[in-house]
Every structure is written in structure tokens, then in C-alpha cells.
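Thanks for coming. I will go through some side-chain pairs first and then one helix packing. Please have the structure open.

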Amino acid sequence: MNAAEHIFSSLLPKCKTLKTVKQIHAFVHKTGLDTDPLVFGKLLLHCAVTISDLLVYARRLFLHFPYPDAFMYNTLIRGLADSDNPHNALLLFREMRRKNMAAANSRSLSGGSQLHCQAFIHGLHSHMFVGTTLVSVYGECGSVGHARKVFDEMTEPNVVAWNAVLTACFRCGDVEVAEEVFGSMPLRDSTSWNIVLAGYVKAGELALAREAFWRMPVKDDVSWSTMIVGFSQSGCFDEAFGFFGELQREGVGANEASLTGVLSACAQAGAVEFGRVLHGLVEKGGFLSLISVNNALLDMYSKSGNVEMARLVFERMPERKSVVSWTSMIAALAMHGYGKEAIQVFRKMEASGVRPDGITFISVLYACNHAGLVNEGCEYFSKMREMYGIDPAIEHYGCMVDLYGRAGKLKKAYGFVCQLPISPNAIIWRTLLGACSIHGNVELAEQVKERLSKLDPDNSGDHVLLSNVYAVAGKWKDVAAVRRSMADQKIKKTPGWSVIEVDKVMYSFVAGDKSNKVTEEAYEKLREIMLKLRVGGGYLPEVGSVLHDIEVEDKEDSVFMHSEKLAVAFGLARLPEGRMIRIVKNLRVCRDCHTVMKLISKVYRSEIVVRDRSRFHSFKDGSCSCNDYW
């Protein structure tokens, strides 16, 4: 409990009048505690139950909290039930049911069963409203069998009840039963179709979702948004863009959900040109007043490599920025290696009265990791617990391991993992293995890989990392043993791919692929580039981690064919001279590609931005924004 929470807890019981309650409410707002559900819940309980004549104020408090939880609903229902107008408690309970609260909110099957028993005792189990609620509760709790049983006992279920059981089936992952229910429905409304779309998308059945979408008699905003967001989250960016374009052609106005969905697709794909078009649409449509759309724009620009535009969007946001907005800006600066600037933004966030959450601290720690700010990272890890009372999650521990590991403090990182109060998962150990690979610590890498073999034995990346450690150390027999082990277990290495946007079209390249005219064009340009770099830039391939038992020329070919080199070559061939080249890569950029990008930026006087698995690299005039610390 921090100082502000302690003051609140000690003063609240002393508040007996509206005037003193308003004073404590002002204190809560000023210190940023008004976003804390626990603090807000206590204040609501005090107004709704403890002091009998403050129920009106309690209702106003409740309406101003963005996402009230089950405790808040139950508190206000209790206060209303004891008031002169107890029917208001029933109205609030109905609203709570609509928002899937109560037992469903906690996904507690025992709580749902108790609710069912109470309904049966009071003779309400056959009531349509109660029955539908029970179906929803069991569905949220993952018990489709109980949901179906309650539904089957209904004499004449209406379309709302049908939709509830349909939702329950999809939520429990039973697509076949859901299809049977949908086929049996005597009447379907737009909600029914939208449940089917969302269910298919969540189950990864995109082809079925597409088919159902085009069969829909009437498509509403929710339908279009579901397809755009669903395909975007599944990595099908081109199709997400296609649905948004079709929405525009159909004359259906874009809304908050569809815009944030398609902007998210742009962010993931690095499609900044299309993102700029959407930015214009957002401005013309008057959506800049929506904080969620602003956050999506910020995220799109930052993940597309344009941190300056991200900063501009952030500065132009409505005066009171949300915790998501602040966190997004901190993350944007962190990804681009601006660790000190990210910390400055965090300090401004604190000064503005917005209370940071656990995700904010992940972004702050991430900023420290990629800028080598070890002492600052340790300071903020302690601050998170001591000042804000946030218990570290596995992600925070992972950041600390990464912080020590990147800085070469491998023993400290290993000791930190061994002393964790929770059992470290595969990601924690993998982070440490990656650090061993960067710094060439063979002994520790073997220990860590042994741990990983028990947690995630089939992960190809772990085998590759260990192989690279052995290769850099010149232990070629061990390299060969790892490769044989992978072959024996039929573990395949994740292929590297890179994406580049040219004239609003996304082009994808895979290492070694020569299957079409686009890749042939890229290879031809790349050969020209590599020759120029050797002659004019003094380039020598870094082949230290390539197997020693192949010829030098073959080793050079191996690194020559990396996907990011093909993408940058294609960009130089197709884009106008002087245009920034932006590339998205699914794996960590290797040392040779990093060297090549620096040389290209110098020899060709081009600015190149590469987003790899963990951060951005901005190459300009022969240097990189990461300062070779990645």
C-alpha cells in the first residue's frame, strides 16, 4: 500500500457528510487512485451502504467508473435494495446481466451453480430472463453441457435465449455444436450472425467466417468490425485491408472498432503508407476526439518506424490522456531505443496524476533494457512494488532477466532467475539463453538449454540459439550434434521472412526463395549492391555462426540470402531515390545483416528502418540507432 492509499484508508471511515466525502473524492482523483478498482469500490461502498443519505452520490460515482466490476454492481444493488425505491435494484441487476457480470464475470462454476440453485428454490428457474442468464453464466464458466441443459428445459426460448446458447457453444470451443444450434434457430437476428462471425474468428476458422459473412442478409457495423479486427489479429493483413476497402465501397461509415482494427493491421504489417491514408480519414470523419482511435494511430506510427509522427499524435491528443496513451508513447520510444526519453515521458505521466499500471512498467523496463540503463531499470522495478503496490508478473521478471543479460551480467541474471518467487517459465529461460548467445557463454547456455528441454523440448529457436553459441565458440562437433538432434526429432527451424511496403502493396520475402519475378528482381539488385559494398564499403561477410564444414563461398551465400537483405534490395530497386525504406522482420536481425544495412545507408545515402522481433533499428549515414546494442 503506497502513501496515498494509506491516507485514503485512514480518512474514509471519518467521512460522515457529503462535504467530507467530496473532499476525499477530490483527493482520490488528484492522486490518480480513481482508476484503482479496489479504492473506488471502497469509496462506493461507503456512499451506498455506510452512509444512508448518499445513495444519489453513489450512483453518480458508479456512472463515472469506466468498467465497473461485480463488486461495484453488487454494492450499488445492495444500497438500492435498501432504499425507498428498491425496483431500481432490479433495473441495475438487469443491466449487470446484459454486461455479463456476476458469476460469469469471475467465471466461477460454483458461483453459477449457486445462482442456479437460488433460482430453483425461488421458483424462477423457468423464467425466460433467469434461464437466459443461467445459460450465459454456464457458457462464461466453460460448461457448455450445463448451458445446453438449462436451454433445453426452456419451453419457448426466444431469440435472446438462442443467442445465449450459441455464444456458450462458441465460447467453449465447440464449433460443430454451435453450427447445429445456429442451423436449428427458428429466427435469427443480426446478433445471431455476429456471434457466428466472432466465434469462427476466435476459433481460427477464417474461411468459415468469410463464408458466413457473405451469406449474411444484412451486415452492420459490428459485422464489418469483427472481420477487420479478426483477420488483422490472425495476421491476415491484406484481407483485413480488403474488408475495410469493401466497407468503404459499400458506403458503410467507418466506426471506432473498424478504424482501430484496420490501424492495428497497419501496425502489425508495417503498412505506414496505408496508415497515412487512414489518418486522413480519421481527421475528416471527426474521430480524433476518440482516445482509442488516437491510441491506435500512435501504435500504428510507432510500429511502422515513424516515432516522430507517433510523438505528434500523442502531443495532439485530448488534454486528459489515458494510461494506455501514456504507456503506448513510452513503448514507442522504448522500441526505437530512446530509453532516456521514455523515462522522461513516464515522469511526466506521474506528474499529470495518471497512475501507471503493470503494463506501463513493462514498457519502462523494456526501455531500460534496450538502452543499457541497468541501474535505472532496477530502480523502477523496486518503485513499481514499493510506491505503487504492483506485484511483479512473469513479464516484469522477464524484463529484469533481459536487462541483466543484455548488459553481459549473466551470473546476476541466472541468480535472479533462481531466486524468483514463482516458477520461471520457458520464456524466462529463453531470454537468458538469448543473452548467452549474444555474449558467447557456452557453459551457462548448456545449463539453461537443459532447463528449456524439460519445459519446451520442441522449440526450434532454443536449438538454434545453442547451436549459435557453439558456432561462435568454434565447437563445431557440438553444432553438428544439435543439428542432428533437430533432424532426429523432426524439429524445423522457423523460416525468416521480411515484409516491405511499396506503393501501398505489401511484398514478402523468405530466405532462399526464388519462386517468382519479384524475388528474382530482388536477387538481381542484391548482387549489384553486395558487389558495390565490397568494393566501395569494405564489406566482409560475418560467417562465424555458419557451419565450418562448408566452403567459404557457400557460407557467404548462406548469409547473402537472408530475407531482410532481399527486402532492402527490392526497396532500392522500386522506391524513388531518397525515400525511407521500412522493413518488418519476424526474427532477430543477424550481425551480418546489421552490418550490411549500415553500409547500404552510407554508400547509397538511404535511411532504412527495420523492425525485428524485439525492437527497431534506424540506419542512417552508416550507423544504427541501437548503437550496436541489441
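**Salt bridges and a helix pair**

I start in helix H18, residues 272-284, which holds both Arg276 and Glu273, three residues apart, or about one turn of the helix. Before going on, a reminder that this is a predicted model. The side chains of Arg276 and Glu273 form a salt bridge, with 2.8 Å from N to O. How accessible are the two partners, Arg276 and Glu273? Arg276 has a relative accessibility of 35%, so it counts as partly exposed. Glu273 has 24% and is likewise partly exposed, because the class in between runs from 20% to 50%.

That pair sits within one helix. Next, a pair that joins two helices. Arg311 and Glu341 meet through their side chains in a salt bridge, 2.7 Å from N to O. Arg311 belongs to helix H20, residues 307-315, and Glu341 to helix H22, residues 339-352, so this contact ties together parts that are 30 residues apart in sequence. Is Arg311 buried or exposed? At 18% relative accessibility, Arg311 counts as buried, because the cut-off for buried is under 20%. Its partner Glu341 has a relative accessible area of 32% and is partly exposed.

The third pair is Glu521 with Arg574, a salt bridge of 3.0 Å, N to O, between the side chains. Glu521 is in helix H31, residues 517-537, and Arg574 in helix H33, residues 563-574, so the pair links parts that are 53 residues apart in sequence. Glu521 is partly exposed at 24% relative accessible area, and Arg574 is partly exposed at 36%. Back to Arg311 for a moment: through salt bridges with shared partners, Glu308, Arg311 and Glu341 become one network. How many salt bridges does the structure hold? The count is 16.

Now the helix packing. Helix H3, residues 37-50, and helix H4, residues 55-64, have axes that come within 8 Å and cross at roughly 155°. That makes H3 roughly antiparallel to H4, because angles over 145 degrees fall in that class. The crossing of H3 and H4 is left-handed.

Which residues make the contact between H3 and H4? From H3 there are Phe40, Leu43, Leu44, Cys47 and Ala48, and they meet Leu55, Tyr57, Ala58, Leu61 and Phe62 of H4. Sorted by class, this contact has ten nonpolar residues, with no polar and no charged ones.

That is what I have; questions are welcome.

Definitions and conventions
Residues are numbered from 1 along each chain as its sequence is written. This is a predicted model: local features need pLDDT of at least 70, side-chain atom pairs count only at pLDDT 80 or more; totals for chains, interfaces and linings use all residues. Side-chain values use heavy atoms; hydrogens and water are left out. Axes are lines fitted to C-alpha atoms, for helices over the stretch in contact, and angles run from 0 to 180 degrees between N-to-C directions. Helices (H or I, at least four residues) and strands (E, at least two) are DSSP runs, numbered from the N terminus. Angles under 35 degrees count as roughly parallel, over 145 as roughly antiparallel, 65 to 115 as roughly perpendicular and the rest as oblique. A crossing is left-handed if the near helix is turned anticlockwise from the far one by less than a right angle, and right-handed if clockwise. Contact means heavy atoms within 4.5 Å. Ala, Val, Leu, Ile, Met, Phe, Trp, Tyr, Cys and Pro count as nonpolar, Asp, Glu, Lys and Arg as charged, and the others, Gly among them, as polar. A salt bridge is a side-chain nitrogen of Lys or Arg within 4 Å of a carboxyl oxygen of Asp or Glu. Buried means under 20% relative accessible area, exposed over 50%, partly exposed in between (1.4 Å probe, protein chains only).
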